[in-house]
Amino acid sequence: MIRKLDSFDEYLDFIRITPERFDGLKELHSAYKAEIGENPPTEAQLARLFDAIEYGKIDFFGCLDGNKLIACCSICCTFSTFNYGLSGVFEDFYIAPEYRHKGIAKRLVRYAVEQSGVKSLTVGCADCDVEMYKAIGFSIPLGNMLAYGLTFN
């Protein structure tokens with residue numbers, strides 16, 4: 001059952017997603033890929049993702065309603081000369097549809113930034129998502145983000 005934000009807020013818990021919660025992350029990640037029109041991750045891709053989480057190559061953060069993972073995002077950290085400190089690339093942002101527009105997005109991003117320790121955070125997004133990212137706190141345009149032309153599989 002989905003509760004109104006003011007009545008279910010006490011059940012929300014923001015967490016760093018560890019390998020023990022990988023099954024919930026797989027569900028959200030598959031739903032995210034489906035929503036943006038991409039193929040679901042293969043078993044080999046999921047195995048690589050699990051290893052990346054386990055060995056600290058990527059950090060996932062999430063929101064639980066009770067024991068159910070309802071939202072996720074990831075941050076990959078690097079050093080940046082934008083702020084001469086720890087910076088992150090923000091990806092994999094997804095909130096289950098029935099939980100959207102309840103204030104979870106801003107809180108999840110804030111939690112992820114605090115827990116990761118980054119001093120700046122960048123996101124690459126489609127034009128249709130710019131206003132959504134602005135609404136949750138991304139506000140400094142850095143020009144165009146391009147991806148090097150490798151085959152992604």
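This is a short tour of two helices and a few of their side chains in a predicted model.

**Stop one: the helix pair.** Start by selecting residues 22-35, which form helix α2, together with residues 43-54, which form helix α3. The two pack at an angle of about 125°, and their axes are 12 Å apart. An angle over 115 but not over 145 degrees falls in the oblique class, so α2 is oblique to α3. Turn the view to look through both helices, and you will find that their crossing is right-handed.

**Stop two: the contact.** Now show side chains. On the α2 side, pick Phe22, Leu25 and Lys26. On the α3 side, pick Leu46, Leu49, Phe50 and Ile53. Colour them by class if you like: the contact of α2 with α3 has six nonpolar residues, one charged residue and no polar ones.

**Stop three: the rings.** Which aromatic pairs are there to see? The model has nine aromatic pairs, and one of them is formed by Phe22 and Phe50. Their rings are edge-to-face, with 5.2 Å from centre to centre and 85° between the planes. This pair links distant parts of the chain, as Phe22 in helix α2 and Phe50 in helix α3 are 28 residues apart.

**Stop four: Lys33.** Go back to helix α2 and select Lys33. What does the side chain of Lys33 make a polar contact with? Its partner is the side chain of Glu38, at 2.8 Å. Leaving aside neighbours within four places in sequence, add Asn39 and Pro41 to your selection too, since Lys33 is in contact with Glu38, Asn39 and Pro41.

Key
Residues are numbered from 1 along each chain as its sequence is written. This is a predicted model: local features need pLDDT of at least 70, side-chain atom pairs count only at pLDDT 80 or more; totals for chains, interfaces and linings use all residues. Side-chain values use heavy atoms; hydrogens and water are left out. Axes are lines fitted to C-alpha atoms, for helices over the stretch in contact, and angles run from 0 to 180 degrees between N-to-C directions. Helices (H or I, at least four residues) and strands (E, at least two) are DSSP runs, numbered from the N terminus. Angles under 35 degrees count as roughly parallel, over 145 as roughly antiparallel, 65 to 115 as roughly perpendicular and the rest as oblique. A crossing is left-handed if the near helix is turned anticlockwise from the far one by less than a right angle, and right-handed if clockwise. Contact means heavy atoms within 4.5 Å. Ala, Val, Leu, Ile, Met, Phe, Trp, Tyr, Cys and Pro count as nonpolar, Asp, Glu, Lys and Arg as charged, and the others, Gly among them, as polar. A polar contact is a pair of N or O atoms within 3.5 Å; within protein, one must be able to donate a hydrogen and the other to accept it, and residues adjacent in sequence count only if both atoms are side-chain atoms. Rings of Phe, Tyr and Trp (its six-membered ring) pair if their centres lie within 6.5 Å; planes under 30 degrees apart count as stacked, over 60 as edge-to-face and the rest as tilted.
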